[in-house]
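Colleague: Could you take one part of this model and examine it closely, giving the cut-offs for the terms you use? I should like a single connected account that begins with that part and then places it in the rest of the chain.

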Amino acid sequence: MRCVLQAHVAGDHQALVRELADSKDGSLWTAWSDGQDPAELSVRSDCPARRADEACCSFAHHPGSHTYDVTDPWTLPVHQPRFPRP
């Protein structure tokens, strides 16, 4: 699991498990604390925030910024170390 919230040092981590068939019902989410496995599932309403043609992909009343305002660290370029040539 990978937390979708803006970088944080306090509070549980949150991850989307599954979108529900009827979008008005929200989505299924899980939460966990540092060093622990996910221990709960809950249905949460989708965040209603939108910017132009992009919607926030988190749950309603989530802490931190909306997903469209957060840089995903997994999409940043990976810098390879330079090794001296023999």
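Modeller: I would choose strand S2 (residues 27-32): six of its six residues are buried, so this strand is largely enclosed by the rest of the structure. Buried here means under 20% relative accessible area, exposed means over 50%, and partly exposed lies in between, with a 1.4 Å probe and protein chains only. Strands are DSSP runs of E with at least two residues, helices are runs of H or I with at least four, and both are numbered from the N terminus. The model is predicted: local features need pLDDT of at least 70 and side-chain atom pairs pLDDT 80 or more, while totals for chains, interfaces and linings use all residues. Residues are numbered from 1 along each chain as its sequence is written, and side-chain values use heavy atoms, with hydrogens and water left out.

The side chains of S2 divide between two directions. Ser27, Trp29 and Ala31 point one way, Leu28, Thr30 and Trp32 point the other way, and the residues of both sets are buried.

S2 has a partner on either side in an open sheet of three strands, ordered S1-S2-S3 with antiparallel pairing; two strands pair if DSSP finds at least two bridges between them. S1 and S3 stand at the edges with a single partner strand each, so one side of each is left without a neighbour in the sheet. Strand S1 (residues 13-19) runs antiparallel to S2 and is joined to it by six bridges; in this pairing Glu19 stands opposite Ser27. On the other flank, five bridges join S2 to strand S3 (residues 40-44), again in antiparallel fashion, and here Trp29 stands opposite Ser42.

Trp29 also leads to a later part of the chain. Cys57, in the segment after strand S5 (54-55), is in contact with Trp29 and Thr67 when its neighbours within four places in sequence are left aside. Contact means heavy atoms within 4.5 Å. While Trp29 is buried, Cys57 has a relative accessibility of 57% and therefore counts as exposed. The C-alpha atom of Cys57 is separated by 9.0 Å from that of Leu16, although these two residues are 41 apart along the chain.

Two residues outside S2 deserve attention for their backbone. Most residues other than glycine have a negative phi. Ala52, in the loop between strand S4 (50-51) and S5, has a positive phi of about 50° although it is not a glycine. With 78% relative accessibility, Ala52 counts as exposed. His61, found in the segment after S5, likewise is not a glycine and has a positive phi, of about 65°. Its relative accessibility is 80%, so His61 counts as exposed as well.

For the setting of S2 in the whole chain, the secondary structure comes to zero helices and five strands, which gives the pattern β-β-β-β-β along the sequence. The buried state found throughout S2 may be set beside the total for the chain, where 22% of the 86 residues count as buried. Of the contacts in the chain with a separation of 6 or more, 19% come from residues 24 or more positions apart. The accessible surface of the chain comes to about 6900 Å² (Shrake-Rupley method, 1.4 Å probe), and carbon and sulfur atoms account for 52% of this surface.
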